[in-house]
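Colleague: I would like to go through this model with you, one question at a time. Please give the reasoning before the result.

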Amino acid sequence: MDYNTINPYICVAQNSILLNSCNIATRKIPNYELLYVEKGRFELVYNKISYVCEEGTILLLHPEVEHSINLMGIDVGQPHIHFYLRYEDYSKRFLDPLQNRDYSAQRKKESDELSELLPSPIVSVSDKNRFLSVFYKLIEEFQSHQKQSTLSIRAQMLYLLDMILPTISKTASRRIFAMTEIEAIKNFIDANCQSNLSLKTLQAHFFFGTSFMEQKFKDKYGISIMRYYKRSKMEKAKNLLERPNVTVTLVSEYLSFSSTTVFSRAFKNMYGISPQQFQKEFRKKNSVGK
(Lines give C-alpha, C1' and ligand atoms only; values in the text may rest on other atoms or scores of the structure.)
Protein backbone atom coordinates (compact mmCIF):
# COMPACT_ATOMS: atom_id res chain seq x y z
CA MET A 1 0.00 0.00 0.00
CA ASP A 2 1.35 3.42 -0.98
CA TYR A 3 0.71 5.84 1.90
CA ASN A 4 1.46 8.78 -0.42
CA THR A 5 -1.82 8.25 -2.24
CA ILE A 6 -4.01 8.54 0.86
CA ASN A 7 -6.35 11.52 0.67
CA PRO A 8 -9.06 10.85 3.25
CA TYR A 9 -12.60 12.05 2.77
CA ILE A 10 -14.72 12.31 5.92
CA CYS A 11 -18.44 11.62 5.48
CA VAL A 12 -19.66 11.53 9.06
CA ALA A 13 -18.00 12.77 12.26
CA GLN A 14 -20.15 13.06 15.34
CA ASN A 15 -20.61 12.37 19.01
CA SER A 16 -23.40 9.89 19.66
CA ILE A 17 -24.88 7.74 22.38
CA LEU A 18 -26.34 4.28 21.90
CA LEU A 19 -29.14 3.74 24.39
CA ASN A 20 -29.08 0.40 26.20
CA SER A 21 -32.09 -0.79 24.18
CA CYS A 22 -30.55 0.05 20.79
CA ASN A 23 -28.47 -2.89 19.60
CA ILE A 24 -27.05 -2.59 16.08
CA ALA A 25 -28.12 -5.57 14.01
CA THR A 26 -25.69 -7.34 11.69
CA ARG A 27 -24.61 -4.94 8.93
CA LYS A 28 -21.85 -3.95 6.56
CA ILE A 29 -20.69 -0.39 5.89
CA PRO A 30 -19.19 0.86 2.59
CA ASN A 31 -16.25 2.69 4.17
CA TYR A 32 -14.12 2.84 7.32
CA GLU A 33 -15.43 3.78 10.73
CA LEU A 34 -13.09 5.00 13.46
CA LEU A 35 -14.89 4.68 16.80
CA TYR A 36 -13.98 5.43 20.40
CA VAL A 37 -15.79 3.84 23.35
CA GLU A 38 -16.16 6.95 25.48
CA LYS A 39 -18.25 5.27 28.16
CA GLY A 40 -20.00 1.96 28.75
CA ARG A 41 -19.19 -1.41 27.21
CA PHE A 42 -20.59 -3.64 24.51
CA GLU A 43 -20.00 -6.84 22.60
CA LEU A 44 -18.80 -6.41 19.03
CA VAL A 45 -19.28 -9.44 16.80
CA TYR A 46 -16.87 -8.70 13.97
CA ASN A 47 -16.36 -11.14 11.13
CA LYS A 48 -17.96 -13.83 13.37
CA ILE A 49 -15.50 -13.20 16.23
CA SER A 50 -16.71 -11.73 19.52
CA TYR A 51 -14.92 -8.83 21.26
CA VAL A 52 -15.90 -7.18 24.54
CA CYS A 53 -15.19 -3.48 24.05
CA GLU A 54 -14.66 -1.59 27.30
CA GLU A 55 -14.52 2.13 27.96
CA GLY A 56 -11.34 3.50 26.35
CA THR A 57 -11.27 1.07 23.42
CA ILE A 58 -10.42 2.42 19.96
CA LEU A 59 -11.96 0.56 17.02
CA LEU A 60 -11.41 0.72 13.28
CA LEU A 61 -14.23 -1.05 11.42
CA HIS A 62 -13.44 -1.97 7.83
CA PRO A 63 -15.67 -1.66 4.75
CA GLU A 64 -17.83 -4.65 3.85
CA VAL A 65 -16.96 -6.61 7.01
CA GLU A 66 -20.06 -8.04 8.65
CA HIS A 67 -20.49 -6.91 12.25
CA SER A 68 -23.05 -6.23 14.96
CA ILE A 69 -23.06 -4.44 18.31
CA ASN A 70 -24.82 -5.88 21.36
CA LEU A 71 -25.17 -3.57 24.33
CA MET A 72 -24.81 -4.87 27.88
CA GLY A 73 -27.63 -3.06 29.63
CA ILE A 74 -25.95 0.35 29.76
CA ASP A 75 -25.78 3.36 27.46
CA VAL A 76 -22.66 3.64 25.32
CA GLY A 77 -20.95 6.87 24.34
CA GLN A 78 -19.38 6.25 20.93
CA PRO A 79 -18.08 9.28 19.02
CA HIS A 80 -17.15 8.07 15.55
CA ILE A 81 -15.85 9.06 12.13
CA HIS A 82 -16.81 7.51 8.80
CA PHE A 83 -14.26 8.07 6.05
CA TYR A 84 -12.87 6.89 2.73
CA LEU A 85 -9.12 6.56 2.30
CA ARG A 86 -9.35 8.57 -0.92
CA TYR A 87 -11.81 11.08 -2.31
CA GLU A 88 -13.91 9.77 -5.18
CA ASP A 89 -17.04 11.08 -6.90
CA TYR A 90 -19.18 8.67 -4.89
CA SER A 91 -17.74 9.73 -1.51
CA LYS A 92 -20.16 12.60 -0.97
CA ARG A 93 -23.17 10.35 -1.52
CA PHE A 94 -22.57 8.37 1.63
CA LEU A 95 -25.10 8.68 4.43
CA ASP A 96 -24.85 7.38 7.97
CA PRO A 97 -25.88 3.70 7.72
CA LEU A 98 -27.78 4.00 11.00
CA GLN A 99 -30.14 6.41 9.26
CA ASN A 100 -30.07 4.92 5.78
CA ARG A 101 -29.94 1.15 5.97
CA ASP A 102 -30.51 0.59 2.23
CA TYR A 103 -27.34 2.35 1.08
CA SER A 104 -25.55 -0.73 -0.29
CA ALA A 105 -27.26 -0.78 -3.66
CA GLN A 106 -26.81 2.96 -4.16
CA ARG A 107 -23.23 3.61 -3.19
CA LYS A 108 -19.95 2.31 -4.44
CA LYS A 109 -17.99 0.43 -1.80
CA GLU A 110 -14.47 1.19 -0.71
CA SER A 111 -11.93 -1.58 -1.21
CA ASP A 112 -10.39 -2.66 2.10
CA GLU A 113 -6.69 -1.81 1.81
CA LEU A 114 -6.01 -1.95 5.53
CA SER A 115 -7.24 -5.46 6.34
CA GLU A 116 -3.78 -7.00 6.11
CA LEU A 117 -2.12 -4.20 8.06
CA LEU A 118 -4.80 -4.05 10.77
CA PRO A 119 -6.69 -7.36 10.81
CA SER A 120 -8.21 -6.81 14.26
CA PRO A 121 -10.88 -4.10 14.76
CA ILE A 122 -9.21 -3.06 18.03
CA VAL A 123 -6.31 -0.70 17.50
CA SER A 124 -3.79 0.88 19.86
CA VAL A 125 -1.79 4.10 19.75
CA SER A 126 1.38 5.13 21.54
CA ASP A 127 0.04 8.53 22.68
CA LYS A 128 -3.64 8.08 23.43
CA ASN A 129 -4.14 11.55 24.91
CA ARG A 130 -2.79 13.17 21.76
CA PHE A 131 -4.87 10.85 19.59
CA LEU A 132 -8.09 11.74 21.44
CA SER A 133 -7.29 15.45 21.32
CA VAL A 134 -7.10 15.35 17.51
CA PHE A 135 -10.04 12.92 17.28
CA TYR A 136 -12.40 15.22 19.20
CA LYS A 137 -11.08 18.33 17.44
CA LEU A 138 -11.84 16.77 14.06
CA ILE A 139 -15.43 15.99 15.11
CA GLU A 140 -15.93 19.50 16.48
CA GLU A 141 -14.52 21.12 13.36
CA PHE A 142 -16.55 18.88 11.05
CA GLN A 143 -19.76 19.86 12.84
CA SER A 144 -18.90 23.56 12.74
CA HIS A 145 -18.14 23.53 8.98
CA GLN A 146 -21.57 22.33 7.89
CA LYS A 147 -20.25 18.77 7.83
CA GLN A 148 -17.78 19.44 5.03
CA SER A 149 -14.46 17.61 4.69
CA THR A 150 -12.16 20.65 4.63
CA LEU A 151 -8.40 20.55 4.11
CA SER A 152 -7.87 21.07 7.84
CA ILE A 153 -10.17 18.17 8.67
CA ARG A 154 -8.42 15.92 6.16
CA ALA A 155 -5.06 16.85 7.66
CA GLN A 156 -6.33 15.82 11.10
CA MET A 157 -7.59 12.54 9.65
CA LEU A 158 -4.18 11.89 8.15
CA TYR A 159 -2.63 12.48 11.56
CA LEU A 160 -4.99 9.94 13.15
CA LEU A 161 -4.22 7.38 10.46
CA ASP A 162 -0.51 7.95 10.93
CA MET A 163 -0.92 7.12 14.63
CA ILE A 164 -2.84 3.88 14.13
CA LEU A 165 -1.18 2.43 11.03
CA PRO A 166 1.77 0.18 11.88
CA THR A 167 5.17 0.57 10.30
CA ILE A 168 5.33 -1.93 7.46
CA SER A 169 8.47 -2.98 5.62
CA LYS A 170 8.47 -3.25 1.83
CA THR A 171 8.73 -7.02 2.09
CA ALA A 172 5.63 -8.56 3.65
CA SER A 173 7.59 -11.42 5.18
CA ARG A 174 9.66 -8.91 7.15
CA ARG A 175 6.78 -7.00 8.68
CA ILE A 176 7.48 -5.62 12.11
CA PHE A 177 5.52 -7.59 14.70
CA ALA A 178 4.65 -4.91 17.23
CA MET A 179 4.45 -5.71 20.92
CA THR A 180 0.83 -4.56 20.89
CA GLU A 181 0.00 -7.32 18.41
CA ILE A 182 1.59 -9.96 20.63
CA GLU A 183 -0.42 -8.60 23.55
CA ALA A 184 -3.54 -8.72 21.36
CA ILE A 185 -3.00 -12.46 20.84
CA LYS A 186 -2.67 -12.97 24.61
CA ASN A 187 -5.76 -10.86 25.30
CA PHE A 188 -7.71 -12.75 22.65
CA ILE A 189 -6.80 -16.07 24.28
CA ASP A 190 -7.75 -14.75 27.74
CA ALA A 191 -11.13 -13.57 26.46
CA ASN A 192 -11.89 -16.76 24.51
CA CYS A 193 -10.20 -19.53 26.53
CA GLN A 194 -13.57 -21.22 27.01
CA SER A 195 -13.67 -21.92 23.27
CA ASN A 196 -11.68 -24.46 21.29
CA LEU A 197 -8.75 -22.43 19.94
CA SER A 198 -5.91 -23.58 17.72
CA LEU A 199 -2.93 -22.02 16.00
CA LYS A 200 -4.97 -22.03 12.78
CA THR A 201 -7.73 -20.07 14.53
CA LEU A 202 -5.23 -17.44 15.66
CA GLN A 203 -3.56 -17.35 12.25
CA ALA A 204 -6.90 -16.67 10.54
CA HIS A 205 -7.65 -13.91 13.03
CA PHE A 206 -4.29 -12.14 13.19
CA PHE A 207 -2.95 -12.85 9.66
CA PHE A 208 0.48 -14.06 10.79
CA GLY A 209 2.25 -17.36 10.15
CA THR A 210 1.99 -19.87 13.00
CA SER A 211 5.76 -20.29 13.40
CA PHE A 212 6.26 -16.53 13.44
CA MET A 213 3.51 -16.02 16.04
CA GLU A 214 4.84 -18.84 18.20
CA GLN A 215 8.38 -17.45 18.25
CA LYS A 216 7.38 -13.85 19.00
CA PHE A 217 4.90 -14.95 21.68
CA LYS A 218 7.48 -17.13 23.39
CA ASP A 219 10.09 -14.37 23.19
CA LYS A 220 7.77 -12.07 25.13
CA TYR A 221 6.05 -14.42 27.57
CA GLY A 222 8.48 -17.34 27.85
CA ILE A 223 5.78 -19.89 27.00
CA SER A 224 4.31 -21.29 23.80
CA ILE A 225 0.92 -20.06 22.59
CA MET A 226 -0.90 -23.38 23.05
CA ARG A 227 0.65 -24.02 26.47
CA TYR A 228 -0.49 -20.54 27.54
CA TYR A 229 -3.96 -21.26 26.15
CA LYS A 230 -4.20 -24.52 28.13
CA ARG A 231 -2.99 -22.77 31.28
CA SER A 232 -5.48 -19.94 30.79
CA LYS A 233 -8.31 -22.46 30.33
CA MET A 234 -7.34 -24.33 33.51
CA GLU A 235 -7.09 -21.10 35.52
CA LYS A 236 -10.59 -20.27 34.31
CA ALA A 237 -11.68 -23.73 35.44
CA LYS A 238 -10.26 -23.15 38.94
CA ASN A 239 -12.05 -19.82 39.24
CA LEU A 240 -15.34 -21.38 38.20
CA LEU A 241 -14.97 -24.36 40.55
CA GLU A 242 -14.53 -21.95 43.47
CA ARG A 243 -18.02 -20.55 42.90
CA PRO A 244 -20.96 -21.96 44.88
CA ASN A 245 -23.43 -24.24 43.11
CA VAL A 246 -21.12 -24.81 40.14
CA THR A 247 -20.60 -28.45 39.21
CA VAL A 248 -17.64 -30.09 37.52
CA THR A 249 -19.91 -31.12 34.62
CA LEU A 250 -21.05 -27.52 34.12
CA VAL A 251 -17.45 -26.25 34.04
CA SER A 252 -16.47 -28.99 31.63
CA GLU A 253 -19.27 -28.05 29.23
CA TYR A 254 -18.61 -24.32 29.51
CA LEU A 255 -14.93 -24.81 28.67
CA SER A 256 -15.84 -26.88 25.58
CA PHE A 257 -14.37 -30.21 26.71
CA SER A 258 -15.75 -33.26 24.93
CA SER A 259 -16.52 -34.94 28.24
CA THR A 260 -16.10 -34.57 31.99
CA THR A 261 -13.50 -37.33 31.90
CA VAL A 262 -11.34 -35.43 29.40
CA PHE A 263 -11.68 -32.27 31.49
CA SER A 264 -10.77 -34.08 34.73
CA ARG A 265 -7.69 -35.59 33.10
CA ALA A 266 -6.51 -32.22 31.77
CA PHE A 267 -7.12 -30.56 35.16
CA LYS A 268 -5.21 -33.26 37.05
CA ASN A 269 -2.31 -33.07 34.58
CA MET A 270 -2.07 -29.34 35.26
CA TYR A 271 -2.56 -29.26 39.05
CA GLY A 272 -1.94 -32.84 40.24
CA ILE A 273 -5.44 -33.09 41.67
CA SER A 274 -8.84 -33.86 40.17
CA PRO A 275 -11.37 -31.00 39.82
CA GLN A 276 -13.72 -32.88 42.16
CA GLN A 277 -11.05 -33.08 44.85
CA PHE A 278 -9.99 -29.45 44.30
CA GLN A 279 -13.58 -28.29 44.71
CA LYS A 280 -14.07 -30.44 47.83
CA GLU A 281 -10.91 -29.13 49.51
CA PHE A 282 -11.66 -25.51 48.56
CA ARG A 283 -15.14 -25.65 50.05
CA LYS A 284 -13.91 -27.41 53.18
CA LYS A 285 -11.20 -24.81 53.69
CA ASN A 286 -13.61 -21.91 53.23
CA SER A 287 -16.27 -23.40 55.51
CA VAL A 288 -13.91 -23.53 58.51
CA GLY A 289 -14.90 -20.96 61.11
CA LYS A 290 -18.26 -20.18 59.58
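Colleague: How many bridges join S5 to strand S8?

Modeller: This is a predicted model. In it, S5 and strand S8 (residues 67–71) run antiparallel. Phe 42 stands opposite Leu 71 in S8. The number of bridges joining S5 to S8 is five.

Colleague: Which residue in S6 is the bridge partner of Val 45?

Modeller: S5 is also joined to strand S6 (residues 49–53), by five bridges, and these two strands run antiparallel. They form a hairpin with two residues between them, and Asn 47 in the turn has a positive phi of about 55°. Within S6, Val 45 has as its bridge partner Ser 50.

Colleague: Which side chains of strand S5 point to one face and are buried?

Modeller: Side chains alternate along S5 (residues 42–46). Buried means under 20% relative accessible area. Glu 43 and Val 45 point to the other face and are not buried. The buried ones are Phe 42, Leu 44 and Tyr 46.

Colleague: Which element gives the most to the largest nonpolar core?

Modeller: The largest nonpolar core has 30 residues, and Leu 34 is among those with the most contacts inside it. Elements that give two or more residues to this core include strand S4 (32–36), helix H1 (128–144) and helix H2 (151–164). With seven residues, the element that gives the most is H1.

Colleague: How many residues does the second, separate core have?

Modeller: Tyr 46 of S5 points to the buried face of its strand. The second core includes Tyr 46, along with Ile 24, Leu 35 and Leu 71. Its residue count is 16.

Notes:
Residues are numbered from 1 along each chain as its sequence is written. This is a predicted model: local features need pLDDT of at least 70, side-chain atom pairs count only at pLDDT 80 or more; totals for chains, interfaces and linings use all residues. Side-chain values use heavy atoms; hydrogens and water are left out. A nonpolar core is a set of buried Ala, Val, Leu, Ile, Met, Phe, Trp, Tyr and Cys residues joined through side-chain atoms within 4.5 Å. Buried means under 20% relative accessible area, exposed over 50%, partly exposed in between (1.4 Å probe, protein chains only). Helices (H or I, at least four residues) and strands (E, at least two) are DSSP runs, numbered from the N terminus. Two strands pair if DSSP finds at least two bridges between them.
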